[in-house]
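Welcome, and please open the structure in your viewer. We will go from stop to stop, choosing what to select and saying what is there.

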Amino acid sequence: MAASIDFKDPEVVAKAYAYNYFKRHWKVNPGPRVYLEQVKPYTDPAYLKSLRDAGTDRCDRDCEQAKKRDVRVTVEDLVAVTPPEAPASDSERWVQVSYVVRTTWDAGGDANRNGMVLRLRLLDGKWLVAGRVRG
């Protein structure tokens, strides 16, 4: 997916990051931190390192339940905007991303609309996520 992304557009990169941050099929990708590899193409290396350093690969009780119940998470209705009042410069942008996270399992599912604000920075001609401001 990273090959088809326009890294010159911070909103496109922010949407790709959010999509890959949540997307999961627990039986196929059972680790709690599989998202780290999925967001790697869209993430500033320093921020990715901080995400790696912040957690553990241990599959806890919730993780084990997700694998048993065949939980799948998809992301729909992604919208990214750079609000006019958001901090912005030639090398940094704050992008607001809204989306619907749809979670399904053997016996049901649910969906929640949510959002996040991402800080992107220009690195070697590519916009990359350098932090999560909120959400």
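Start by selecting Glu76 and Val100: Val100, in strand 3, is the bridge partner of Glu76. What you are looking at is a predicted model, where local features need pLDDT of at least 70 and side-chain atom pairs count only at pLDDT 80 or more, while totals for chains, interfaces and linings use all residues. Residues are numbered from 1 along each chain as its sequence is written, and side-chain values use heavy atoms, with hydrogens and water left out.

Next, widen the selection to strand 2 (residues 72-81) and strand 3 (residues 92-105), which pair in the antiparallel sense over eight bridges. Strands here are DSSP runs of E with at least two residues, helices are runs of H or I with at least four, and both are numbered from the N terminus. Two strands count as paired if DSSP finds at least two bridges between them.

Now add strand 4 (residues 108-123), which runs antiparallel to strand 3 and is joined to it by 14 bridges. These two strands form a hairpin with two residues between them. For one bridge, pick Tyr99 and its partner in strand 4, Asn114.

Move on to Arg24, in strand 1 (residues 24-25). Is Arg24 buried or exposed? Arg24 is buried, meaning under 20% relative accessible area with a 1.4 Å probe, protein chains only. Its contacts (heavy atoms within 4.5 Å) include Tyr35 and Val73.

Finally, colour by pLDDT, the predictor's confidence in each residue from 0 to 100. The protein chain averages 91; helix 1 (residues 10-22) has the highest mean, 96, and helix 4 (residues 61-68) the lowest, 83.

How values were computed
Buried means under 20% relative accessible area, exposed over 50%, partly exposed in between (1.4 Å probe, protein chains only). Lys and Arg count as positive and Asp and Glu as negative; His and the chain ends are not counted. A salt bridge is a side-chain nitrogen of Lys or Arg within 4 Å of a carboxyl oxygen of Asp or Glu. Lists of a residue's contacts leave out its neighbours within four places in sequence.
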